[in-house]
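This report covers the sheets, the helices that pack on them and the surroundings of the ligand. The sequence and the model come first.

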Amino acid sequence: MSLNTFDTLLVANRGEIACRVMRTARAMGLRTVAVYSDADANARHVREADEAIRLGPAAARESYLKVEAVVEAAQRSGAGAIHPGYGFLSENGAFVEALDQAGIVFVGPPASAIAAMGDKSAAKARMANAGVPLVPGYHGDDQDDALLKAEADKIGYPVLLKASAGGGGKGMRVVESAANFQAALDGCRRESQAAFGDQRMLIEKYLTQPRHVEVQVFCDSLGNGVYLFERDCSVQRRHQKVLEEAPAPGMTAALRREMGEAAMRAAKEIGYVGAGTVEFLLDIDGSFFFMEMNTRLQVEHPVTEMITGQDLVEWQLRVAMGEALPLTQEELTITGHSFEARLYAEDPEQDFLPATGTLTRFAMDLEGAGLDPERVRLDSGVETGDAVSMHYDPMLAKLIVHGNDRAQALATLNRALAALDVQGVVTNRAFLQRLATHPAFRDAELDTRFIEKHEETLF
Ligand code: ADP
């Protein structure tokens with residue numbers, strides 16, 4: 001067995017995830033290389049790296065999304081491997097192929113696995129094959145208007161139209177009745193064409209009160225695979241996650257095993273290697289349905305780290321080096337409960353408009369708030385004095401907490417949110433506090449329309 005040893009890791013990302021990946025890389029004794037755009041020349045991830053290489057102008061497509069520039073940076077810095085973080089090039093098959101050609105290790109799955117999950121319709125066909133439950137619906141190649149309408153009628157309204165090539169909550173539309181179908185289809189196709197250059201649609205039964213429950217999976221290149229239990233990410237705004245937790249409240253051991261095993265079947269079906277997440281909708285009656293697989297490390301991976309005591313980035317790097325997974329399924333256990341809150345530079349009073357400016361203060365006084373540093377983690381890409389620009393995702397940091405049980409973890413989350421001191425840039429902190437203190441959230445009355453349902457008490 002040959003190991004892909006490397007001693008230098010380039011992190012092809014920015015913000016909190018670049019800092020988080022480099023933290024583990026350093027702890028493993030690796031040399032770290034950051035890349036940056038002109039807007040990030042003095043960013044925290046650049047300051048923390050052993051070496052930093054400029055990619056290009058501020059626009060992501062001219063810097064963080066530029067395959068040749070990233071490959072060249074790796075060659076110039078002598079990096080043997082690249083961690084893509086999430087977003088940017090993390091699920092770009094052409095990027096992975098370019099690295100393969102250049103003899104650089106990609107810390108992630110093979111290009112073929114990314115391709116298998118890249119298209120929602122094709123992925124669903126594969127999953128049906130592997131015996132993974134799907135939401136009743138249509139994901140065929142025939143895109144004739146009349147046929148799609150007939151399929152929607154057959155599924156029964158409400159249905160959800162989804163762009164096959166979609167992602168990030170874009171290109172989706174709920175259709176309440178047959179009379180609205182054609183107009184919704186036209187609108188959805190236009191949106192999908194504009195966003196993804198592709199008009200293909202799939203149709204799903206629209207579940208009215210589902211929870212979003214996702215399973216963390218991990219596979220090595222030797223054929224071993226495990227699932228690291230689930231996360232509940234039902235609290236969403238415009239299909240984007242806001243608060244996440246692990247484990248999912250109310251799970252039975254049997255359902256956990258069933259969902260975990262279905263997720264493993266999904267991963268095995270496509271020859272998966274590395275960290276991946278299989279997203280399911282969980283209906284009120286306990287039935288669950290495959291939605292999609294994200295072939296990368298997720299934003300919310302820390303809640304899984306908190307309840308399992310594992311470092312998922314270390315797992316990723318070891319798997320990339322050709323090592324076997326450090327633990328078997330039987331050795332993995334859940335301890336306590338964890339929450340993650342996403343802190344965004346955005347203004348809840350102005351329809352969550354992204355905010356910019358200079359952070360005159362960005363700090364959290366754990367001691368002053370009587371918080372245990374073992375139980376509170378702030379993964380951030382910024383520090384006091386940093387500028388927040390409009391060029392990238394407005395997420396500033398993630399606040400992650402752990403407690404012996406859900407109630408204790410929630411109390412800690414609330415104290416930590418109160419201890420967070422951010423000045424100079426408007427954030428969603430107060431909105432997060434209203435969410436985390438909401439009685440329905442405390443009682444774990446979760447479904448993907450949580451924010452919508454409680455609008456009056458949240459805004
Ligand atoms: P994207 O790739 O754009 O994120 P997903 O397919 O992952 O799209 O769906 C995003 C969110 O949309 C889910 O987390 C869930 O809240 C909602 N959703 C997706 N499919 C359905 C469905 N069939 N019924 C109800 N809600 C759905």
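Helix α10 (residues 301–308) lies across β10, β11, β12 (240–246), β15 (337–344), β20 and β22 (395–403). Its direction makes about 155 degrees with that of β15; axes are lines fitted to C-alpha atoms, for helices over the stretch in contact, and angles run from 0 to 180 degrees between N-to-C directions. Contact here means that the C-beta atoms of two residues, placed from the backbone, lie within 7 Å. Helices (H or I, at least four residues) and strands (E, at least two) are DSSP runs, numbered from the N terminus. Helix α12 (residues 406–419) lies across β15, β20 and β22, at about 140 degrees to β22.

This is a predicted model, in which local features need pLDDT of at least 70 and side-chain atom pairs count only at pLDDT 80 or more, while totals for chains, interfaces and linings use all residues. Residues are numbered from 1 along each chain as its sequence is written.

The strands under these helices belong to an open sheet of eight, in the order β14-β13-β10-β11-β12-β15-β22-β20, with antiparallel pairing. Two strands pair if DSSP finds at least two bridges between them. At the edges are β14 and β20 (376–380), each of which pairs on one side only. Neighbouring strands of this sheet are turned by 25 degrees against each other on average, direction ignored.

Three antiparallel pairs of this sheet are listed with a residue pair from each.

| Strands | Bridges | Facing residues |
|---|---|---|
| β10 (residues 211–219) and β11 (residues 225–237) | six bridges | V213 and D232 |
| β12 and β15 | four bridges | E245 and F339 |
| β15 and β22 | eight bridges | S338 and H402 |

Strand β15 is mostly covered, with eight of its eight residues buried; a residue is buried if 20 or more other C-beta atoms lie within 10 Å of its own, with C-beta atoms placed from the backbone. In a regular strand the side chains alternate between the two faces of the sheet. From β15, H337, F339, A341 and L343 point one way, and S338, E340, R342 and Y344 point the other way.

A second open sheet has five strands in the order β3-β2-β1-β4-β5, and its pairing is parallel. Its edge strands, β3 (51–56) and β5 (105–106), each pair on one side only. Strand β2 (residues 31–37) is joined to β3 by five bridges, and S37 of β2 stands opposite G56 in β3. Helix α3 (residues 67–77) packs on this sheet and touches β1 (8–11), β2, β3 and β4 (81–83), its direction making about 155 degrees with that of β3.

In helix α5 (residues 111–118), the buried residues are A111, A113, I114, A116 and M117. Their cover includes α4 (93–102), α6 (120–129) and β14.

Strand β14 also takes part in the shell around the ligand: β9 (201–205), β13 (274–282) and β14 (288–294) each supply at least two of its residues. The ligand is surrounded by 20 residues, the closest being E204, L207, H212, H239 and T448; a residue counts as near if its C-beta atom, placed from the backbone, lies within 6 Å. The shell has seven nonpolar, eight polar and five charged residues, where Ala, Val, Leu, Ile, Met, Phe, Trp, Tyr, Cys and Pro count as nonpolar, Asp, Glu, Lys and Arg as charged, and the others, Gly among them, as polar.

Overall, the protein chain has 16 helices and 23 strands. Its radius of gyration is 22 Å, close to the 23 Å that the globule rule gives for 459 residues, so the chain is as compact as a globular protein of that length. The radius is taken over C-alpha atoms, and the rule is 2.2 Å times the number of residues to the power 0.38. Of the 459 residues, 46% count as buried.

How values were computed:
Buried ≥ 20, exposed ≤ 12 C-beta atoms within 10 Å, placed from the backbone.
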